[in-house]
Amino acid sequence: MLRIAVCDDEITFLDILYNIIENYLENKKLEYTIDIFLSGKEFISGKNDITKYDIVFLDVNMDEMDGIQTAEIFRISCPNTFLVFVTAFINYTLEGYKVEATRYILKDSCNLADNVYEALDVILSKMQQLSKYIEYEFNIGRRKLYPEDIIYIESSLHKLAFHVNKDCESIYNIYMKLDDVEKDLSDRCMCRIHKSFLVNMRYAIHIERYSLRLYEGIQLPVAQKRFTEAKICFSQVKGVI
């Protein structure tokens, strides 16, 4: 089931965008739900579980709380959700990089439907790549883990601790070498920042010499010899230079 949210304070355009997305999903014969919101505040309100969405279409130019502000709050809880900005003005590129927008779509474009379809094509392709999982026999039993759910992996005394974001943060332990897990994980967002740490850069917020900050204040060391590689990975994943 694909769960999509569309947030725009222009009702007429909201209907147009909804119909375009619906037509695309019907043609693809996908199961889906589409929820609509008329403001950023309504979208991120406590009444709405924002973590359930796979894709969010978000208007940049909304009154009271614009799309950038909404996205910044949204990203705290939803680092992996695909975000598409819809705007009348293409002057928010840098801000979009900071919140990892997958695409910008112009409202007044004569190719609106084609642009929405292209964005959805790219997102579904990425989702398919992310669907590859690893499976190990942990201390709590055999578990399948998708790369996007792994926050980071820590090695200590020949044992690995998988910090996992699934429903709520959990830790799965296993006796294994970090080198072997690194080989198993082909996801480009996973980065070895230290001999003892393999990190999912989707959850990274800031990198500096020689530390990496993840969400909720998690601070991890970055080895000096791995700093350049870690910074490049951070930039590629987060879209910053």
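**Exercise 1. Lys29 and Leu157**

Work out whether Lys29 is buried or exposed in this predicted model, then look at its backbone angle phi and compare your notes with those for Leu157.

*Solution.* Start with accessibility: Lys29 has a relative accessible area of 75%, and exposed means over 50%, so Lys29 counts as exposed. Next, place the residue: Lys29 sits in the loop that runs between helix 1 (11-27) and strand 2 (32-37). Now check the backbone: Lys29 is not a glycine, yet its phi is positive, at about 55 degrees. As background, most residues other than glycine have a negative phi.

Turn to Leu157. This residue is found in the loop between strand 8 (150-156) and strand 9 (159-166). Leu157 is not a glycine either, and its phi is positive, about 55 degrees. Its relative accessible area is 75%, so Leu157 is exposed.

**Exercise 2. An unusual peptide bond**

Find which residues are joined by a cis peptide bond, and say where Tyr210 lies.

*Solution.* Begin with omega: a value of about -10 degrees belongs to the peptide bond between Arg209 and Tyr210, which is cis. For context, most peptide bonds are trans. Then locate the site: Tyr210 is in the loop between strand 13 (204-208) and strand 14 (211-214).

**Exercise 3. The two sides of helix 7**

Test whether the length of helix 7 (residues 227-238) agrees or disagrees with expectation, then decide how its buried residues are arranged around the axis.

*Solution.* First, the length. With 12 residues and 1.5 Å a residue, helix 7 should span 16 Å; the C-alpha atoms at its ends are 16 Å apart, so the two agree.

Second, the buried set: Phe227, Ala230, Cys233, Phe234, Val237 and Lys238 in helix 7 are buried. Looking down the axis of helix 7, these buried residues fall within an arc of 125 degrees, and therefore line one face of the helix.

Third, the other side: Thr228 and Gln236 are exposed, on the face of helix 7 turned away from the buried side.

**Exercise 4. Helix 3 and its cap**

Identify what caps the N-terminal end of helix 3, and list the buried residues of this helix.

*Solution.* Take the end first. The cap is Asp66, which has a side-chain oxygen 3.1 Å from the backbone nitrogen of Ile68. Then go along the helix: in residues 67-77, the buried ones are Gly67, Ile68, Thr70, Ala71, Phe74 and Arg75. Viewed down the axis of helix 3, they fall within an arc of 150 degrees, so they too line one face.

**Exercise 5. Two buried residues and their neighbours**

Describe the surroundings of Phe43 and of Asp59.

*Solution.* Phe43 is part of helix 2 (residues 40-44). Its relative accessible area is 0%, so Phe43 is buried. Leaving aside residues up to four places away in sequence, Phe43 touches several partners, including Ala5, Cys7, Tyr53 and Val56. Two further partners, Thr70 and Phe74, are among the buried residues of helix 3. For a contrast, try Leu25: it is 18 residues from Phe43 along the chain, and the C-alpha atoms of the two are separated by 22 Å.

Asp59 belongs to strand 3 (residues 55-59). At 1% relative accessibility, Asp59 counts as buried. Its side chain makes a polar contact of 3.3 Å with the side chain of Lys107. With residues up to four places away again left out, Asp59 touches Cys7, Asp8, Asp9, Gly67, Val86, Thr87 and Lys107.

**Exercise 6. Cysteines**

Determine how many disulfides the structure holds, and explain why Cys78 and Cys189 are not bonded to their closest cysteine sulfurs.

*Solution.* A disulfide is a covalent bond between the sulfur atoms of two cysteines. Here the count is 0 disulfides. For Cys78, the closest cysteine sulfur is in Cys7, at 13 Å, too far for a bond. Cys78 is buried, at 4% relative accessible area. For Cys189, the closest is the sulfur of Cys233, at 6.7 Å, which is too far as well. Cys189 counts as buried, with 5% relative accessibility.

**Exercise 7. The whole chain**

Judge how the radius of gyration compares with the globule rule.

*Solution.* Begin with the inventory: the protein has 7 helices and 15 strands. Its radius of gyration is 19 Å, close to the 18 Å that the globule rule gives for 241 residues, so the protein is as compact as a globular protein of that length. The C-alpha trace spans about 60 × 40 × 30 Å along its principal axes. Finally, 46% of the 241 residues count as buried.

Key:
Residues numbered from 1 in each chain as written. Predicted model: local features only at pLDDT ≥ 70, side-chain atom pairs only at ≥ 80, totals over all residues. Heavy atoms only, no water. Helix = DSSP H or I, 4+ residues; strand = E, 2+ residues; numbered from the N terminus. Expected span 1.5 Å × (residues − 1). Buried < 20%, exposed > 50% of the residue type's maximum accessible area, 1.4 Å probe, protein only. Arc of directions from axis to C-beta. Polar contact = N/O pair within 3.5 Å; in protein donor to acceptor, adjacent residues only side chain to side chain. Contact = heavy atoms within 4.5 Å. Disulfide = S-S within 2.5 Å. Rg over C-alpha atoms; globule rule 2.2 N^0.38 Å.
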